[in-house]
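I opened my notebook to look through this structure one item at a time. Here is what I looked up, in the order I got to it.

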Amino acid sequence: MEICKLENIRKDYRMGELVTPLKDVSLTVNPGDFIAVEGPSGIGKSTLLYVMGLLLQSDNGTYTFDDKDVSLLSDGEKSDLRSKKIGFLFQDATLIQALTLRENLIFSYNLIKKSPDLKRVDELLYRFGLDDRANFLPHQLSGGQRRRLMAARCIIHEPSLILADEPTNDLDEHWSNEIIAMLQQEAQRGAGIVMVTHNSRWAQLAGSRYRLDDGVLTDITKEEI
Ligand code: ADP
Ligand code: MG
């Protein structure tokens, strides 16, 4: 069974001028899929992830998650799906400034009402090169270190869908490769990954590639680029 499915999704913003970043978007994410969505800045890539992450309601079309039409879910049900089933790797995601890195990761377990697996917390801190920063506060991190902590937080609850918005921004070559490798491993575990990027270099490492242009997605996996 698929993880989620967008059918003919439209999304308008009506702040003054009408903007329609998504006109007719259809996409199915199955377990193990690693999908890259490319497109220039301002085209609607983040909007697509907000709709998929149940953060924005679409204006037309159907979005099903876990076989449920999300437009029929209550806010509480949506928030439950978000915290348990979805991993977000977003640029503007926030950390709790009063908690240390380690506590921020433990807090993520508390959000989904699971008792924290402290071994996994420490393994993830080590994996992302933050073990010597475990007791630091978020403001004591560099941009790249913060991004690596976000990566750890994104996968700590083993989400079924991972939404990554330009995940390699602010990262050097080494850590960019690590993040892509992490996404590939998560796909092997059975998660579905949707990564948006304006950098085709990273998109080439995904299993399938789409281009978002003029509000529609085109499959460019087999195109020579
Ligand atoms: P991308 O992530 O590809 O850079 P976005 O999805 O952020 O693109 O934005 C797509 C378009 O929608 C842009 O023209 C942007 O200005 C507009 N937009 C994004 N968010 C809002 C909003 N909250 N209100 C009005 N317009 C918005
Ligand atoms: Mg964006």
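**Entry 1: a helix pair.** Does E123 count as buried, exposed or partly exposed, and at what relative accessibility? I noted first that this is a predicted model, then looked the residue up. E123 comes out at 43% relative accessibility and so counts as partly exposed. I then looked for its partner and found K119, which forms a salt bridge with E123, the closest N and O atoms being 3.6 Å apart. Both residues sit in helix 4 (residues 118-127), four residues apart, which is about one turn of the helix. K119 has 62% relative accessibility, and because the cut-off for exposed is over 50%, K119 counts as exposed.

**Entry 2: the other salt bridges.** I looked up the total next, and the structure holds 13 salt bridges. As a reminder to myself, side chains of opposite charge can pair when their charged atoms come close.

I picked D214 and K23, which form a salt bridge with the closest N and O atoms 2.7 Å apart. This pair links distant parts of the chain, 191 residues apart. D214 is in the loop between strand 9 (208-213) and strand 10 (216-219), while K23 is in strand 2 (residues 17-29). I checked the accessibility of each partner: D214 counts as exposed at 53%, and K23 counts as partly exposed at 38%.

Then I turned to D66 and K85, whose side chains meet in a salt bridge of 2.5 Å, N to O. D66 lies in the loop between strand 4 (60-65) and strand 5 (68-69) and K85 in helix 2 (residues 75-85), so this pair ties together parts that are 19 residues apart in sequence. K85 has a relative accessible area of 29%, which makes this lysine partly exposed.

I also found a network of salt bridges linking R10, D12 and R14.

**Entry 3: strand 1 and its neighbours.** Which strands pair with strand 1? I found strand 2 and strand 4 among its partners. Strand 1 (residues 4-15) pairs with strand 2 in the antiparallel sense over eight bridges. In this pairing R14, which I had met in the salt-bridge network, stands opposite L18 in strand 2. The two strands form a hairpin with one residue between them, and G16 in the turn has a positive phi of about 75°. Strand 1 also runs antiparallel to strand 4, with five bridges joining them. There I noted L6 standing opposite Y63 in strand 4.

**Entry 4: a nonpolar spot on the surface.** Which residues make the nonpolar surface patch of about 240 Å²? I wrote down I96, F107 and L111. L111 lies in helix 3 (residues 101-111).

**Entry 5: the whole protein.** I left the overall view for last. The protein has seven helices and 10 strands. Its radius of gyration is 17 Å, close to the 17 Å that the globule rule gives for 225 residues, so the protein is as compact as a globular protein of that length. The C-alpha atoms fill a box of roughly 45 × 40 × 40 Å along the principal axes.

How much of the protein counts as buried? My note says 47% of the 225 residues. The protein exposes about 10,900 Å², and carbon and sulfur atoms supply 47% of that area. For contacts with a separation of 6 or more, I noted that residues 24 or more positions apart account for 69%.

Technical notes: Residues numbered from 1 in each chain as written. Chains lettered and ligands numbered in written order. Predicted model: local features only at pLDDT ≥ 70, side-chain atom pairs only at ≥ 80, totals over all residues. Heavy atoms only, no water. Patch = residues over 30% accessible without salt bridge, like charges linked within 9 Å, V, L, I, M, F, W, Y side chains within 5 Å. Areas by Shrake-Rupley, 256 points an atom, 1.4 Å probe, with all protein chains shown as cover. Salt bridge = Lys/Arg side-chain N within 4 Å of Asp/Glu carboxyl O. Rg over C-alpha atoms; globule rule 2.2 N^0.38 Å. Buried < 20%, exposed > 50% of the residue type's maximum accessible area, 1.4 Å probe, protein only. Contact = heavy atoms within 4.5 Å. Pairing = 2+ DSSP bridges.
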